[in-house]
Amino acid sequence: MFHQISSTLLENKRLSIPLLSASATSPTSSISSNSRSTSNEVDESPRDSGHFELQDHVKCRSPCVPFSGSFSYRSLAVLSGHVGSVSCLALCGEFILSASQGKDIIVWQQPDLRPFTKFGQGDGSVKALVTVGNKVFTAHQDSRIRVWKVSRRSENVFRLVDTLPTTKDYLGKFMKQSNYVQTRRHHKRLWIEHADSISCLAFYNGLIYSGSWDKTLKVWRISDLKCIESIKAHDDAINGLVAGNGIVYSASADGKIKAWGKEGKSSHCLKGILEGHKDVSLNSVIVSEDGRWVYGGGSDGFVMGWQGSCGDVQNQIESWKLVCETKAHQMAVLSMCLMGEMLCSGSADKSIGIWKREAFGKLCKVGIISGHEGPVKCLQASPNTVGGGFMLYSGGLDKSLRVWWVPKPSNNRAEETTEEKSIILC
């Protein structure tokens, strides 16, 4: 079913981590519909990027594709089993979670990448995943968020424990007319409800953030699963969310990335707007670990980068400067992830770009990974260093989850050759 990682590498780098890590791993991006879709419709196309046809046959073996004659990116595994396109990924302790538009979430056991279990079938197409402690939050096409508890003590390892908004939250608000907002003509909903598909999730400091095609950003408190804020954030669908250094960034089909922050116990307020290209949808957003660099992926194939400047008093980002405009792909950038100084971009052109962040936020092209037979919808990098590089997981519209080893860039050919020997393509 898939290629094996070399036994030597597994023995040396075998993961010794608990069932769930303390920190959350969120999806790097999601995409909006190409037209005004309702929650009951399924549209896989990113806004303004055209439609894609799924291939009838998914190969179980992808080729090594060299770049500039330096080295080959090797596909360590091609994992199949989803009934729909892979929409999002998350690392969950010893597991890798992959969700699809076919409503199923498959749990893969690390490090041998065997299927462990499935959950979530029949609960609406899954658009985003985030893990927090011993909980998994999943966002769905039906505009709801589902909460799963992870425990080895029961037969059902991933058990549904609640749906957001919770029944308690509903009962506390549905009687007051002031709690209702206009969503469409002659149609109102409680402000705690999303009115369309939830496209992305992010976690930060005890809060879950959800972005939707209904243009709103909602804030949920993990301790009691209560919706505490609803922000009319954009003029079009929200496609991606990321949180870092006290700031939450939302990327939208309106061509903007907006930064949201709060001071103390106050509500979130707009901290700044990062302008992309005119009439170009922004499909994904990522932020560096120190919060100083923000990158957005657009439907025109560009990756744009902004540098933030910190204030002297509160050490918070106050302004942003566009420092990078890189034509990364021939078609839309659908997903991105960061691993240290390495940036990975997944595209509708079926390729994955590997970039190195250099001085002043500029991006230097390291290589291209090919192998997917459909657009690359989601990317997730493992924080564990393996053989001088890192593991990269990619999901696509070809219904497959693929695993890659990405070496760190080096000018020393001998060093690259040594690292390559640690990986065996069966």
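In this predicted model, Arg-402 is found in strand 31, which spans residues 401-407. The relative accessibility of Arg-402 is 1%, so the residue counts as buried, the limit for that class being under 20%. The side chain of Arg-402 makes a polar contact with the backbone of another residue: the backbone oxygen of Gly-371 is reached at 3.3 Å, which falls within the 3.5 Å allowed for such a contact.

Aromatic rings were examined next. The count of aromatic pairs is five. In one of them, Phe-95 and Phe-116, the ring centres are 4.8 Å apart and the planes meet at 40°, so the pair is classed as tilted; stacked pairs require planes under 30 degrees apart, and edge-to-face pairs over 60. Phe-95 belongs to strand 4 (residues 95-100) and Phe-116 to strand 6 (residues 114-119), so that this pair links distant parts of the chain, 21 residues apart. The two partners fall into separate accessibility classes. Phe-95, at 0% relative accessibility, is buried, whereas Phe-116 has a relative accessible area of 31% and is therefore partly exposed, a value between the 20% limit for buried residues and the 50% limit for exposed ones.

An aromatic pair is also formed by Phe-119 and Phe-158, with 4.6 Å from centre to centre and 5° between the planes. This pair is stacked, because its angle is under 30 degrees. Phe-119 lies in strand 6 and Phe-158 in strand 10 (residues 158-164); the pair again links distant parts of the chain, with the two positions 39 residues apart in numbering. Both Phe-119 and Phe-158 are buried. Ring pairs join Phe-95, Phe-116, Phe-119, Trp-148 and Phe-158 into a cluster.

With respect to cysteines, a search of the whole structure finds zero disulfides. For Cys-378, the nearest cysteine sulfur belongs to Cys-88 and is 6.4 Å away. Cys-378 is in no disulfide, because a disulfide requires two cysteine sulfur atoms within 2.5 Å. Cys-378 has a relative accessibility of 2% and therefore counts as buried. Cys-269, in contrast, has a relative accessible area of 36%, so this residue is partly exposed.

Note on methods
Residues numbered from 1 in each chain as written. Predicted model: local features only at pLDDT ≥ 70, side-chain atom pairs only at ≥ 80, totals over all residues. Heavy atoms only, no water. Helix = DSSP H or I, 4+ residues; strand = E, 2+ residues; numbered from the N terminus. Buried < 20%, exposed > 50% of the residue type's maximum accessible area, 1.4 Å probe, protein only. Polar contact = N/O pair within 3.5 Å; in protein donor to acceptor, adjacent residues only side chain to side chain. Phe/Tyr/Trp six-rings, centres within 6.5 Å; stacked < 30°, edge-to-face > 60°.
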